[in-house]
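Visitor: I have a few questions about how one part of this model is packed. Can we go through them in turn?

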Amino acid sequence: MSSTSDQTAGLTGVVADNAISPERPIPTMKSPIDGSVLGYAEDKPVHGNGVKEMAPIVELLENAGVSCCMVAEPALIYYGAGRVMTVFLPGASHIQWIVCVPVDKLVQATEIMLQHNGVLEPYRASALRRLSVYAQSLLETLNLVDLDDLVDGMDLTTEWGETNLKLDGTADAAWGRWRADFLNNGEKAEDGDIPQWCFNPPNLLEIWQETTSPEAKQHRQGWKYHPRMATRFRRHNQKDPRLRTRLYC
């Protein structure tokens, strides 16, 4: 991948998500999977999607020399998308944060998060990744659902992408194959378990042009379309959602 996201791995609370570097081996480590990710009965509710509770985790990681950034719902909400972070389960609900760290820091980051799961002093989080890097990673990994939401949240244009993104290539088939191996416990995945787009990677420029066209933005609004709306989440000439003063995401 051409963006910095090719050296990151995901952590969901204390849960390892998917490391995304086809050039690097999957780190050997004890599984950080913890059933508590689904929540305990005595868990206390959080406000503002848990920003104040997550911010100290960012501070712990950064103080230990582990760079990190937020992806998925926290990042998309920050960029104006209408996502909901609460995951509802039978009889319970929980807030999920996905934090990306460098692959070679995954074990260290997991240990830090397992060691500090008590009450921590909060501060304002600021670890959301740069817009162009985030958009590039969604394109290259063909995460089209999140890409649609990012485009609509920020009302990104075709011209913005041509200026700020690297569009002279195809989706990252090496990453897709590597992720399939990762999900297969590190063993080489069978062709049927590899995303089909890896066999004929689509062109990034074509994906971007299709996603950011005025017709696509209107189509995604569906029956709720209104002329005053530029996208599902933004009115015409509405200010940048990143400029909001808020202690939530």
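Guide: First, a term: helices are DSSP runs of H or I, at least four residues long, numbered from the N terminus. The model is predicted. Just after helix 5, one residue takes a positive phi of about 50°, and that residue is Asp155.

Visitor: How many residues of helix 5 are buried?

Guide: Helix 5 spans residues 144-154 and is mostly covered. Its buried residues include Leu147, Leu150 and Val151. Helix 2, helix 4, helix 8 and helix 9 are among the elements that cover them. The count is eight of eleven.

Visitor: Which word describes how helix 5 lies to helix 8, and why?

Guide: Two packed helices are described by the angle between their axes and the distance between the axes. Here the axes of helix 5 and helix 8 come within 10 Å and cross at roughly 50°. That angle makes helix 5, relative to helix 8, oblique.

Visitor: Which residues of helix 8 make the contact with helix 5?

Guide: Helix 5 contributes Leu144, Leu147, Asp148 and Val151. The residues of this contact divide into five nonpolar, two polar and one charged. From helix 8 come Ile207, Trp208, Thr211 and Thr212.

Visitor: Is Lys217 buried or exposed?

Guide: Lys217 sits in helix 9. Buried means under 20% relative accessible area. Lys217 has 6% relative accessibility, so Lys217 is buried.

Visitor: Which side chain makes a polar contact with the side chain of Lys217?

Guide: A polar atom of the Lys217 side chain lies 2.7 Å from the backbone oxygen of Leu156. That partner is a backbone atom. The side-chain partner, at 2.8 Å, is Asp155.

Note on methods. Residues are numbered from 1 along each chain as its sequence is written. This is a predicted model: local features need pLDDT of at least 70, side-chain atom pairs count only at pLDDT 80 or more; totals for chains, interfaces and linings use all residues. Side-chain values use heavy atoms; hydrogens and water are left out. Buried means under 20% relative accessible area, exposed over 50%, partly exposed in between (1.4 Å probe, protein chains only). Helices (H or I, at least four residues) and strands (E, at least two) are DSSP runs, numbered from the N terminus. Contact means heavy atoms within 4.5 Å. Axes are lines fitted to C-alpha atoms, for helices over the stretch in contact, and angles run from 0 to 180 degrees between N-to-C directions. Angles under 35 degrees count as roughly parallel, over 145 as roughly antiparallel, 65 to 115 as roughly perpendicular and the rest as oblique. Ala, Val, Leu, Ile, Met, Phe, Trp, Tyr, Cys and Pro count as nonpolar, Asp, Glu, Lys and Arg as charged, and the others, Gly among them, as polar. A polar contact is a pair of N or O atoms within 3.5 Å; within protein, one must be able to donate a hydrogen and the other to accept it, and residues adjacent in sequence count only if both atoms are side-chain atoms.
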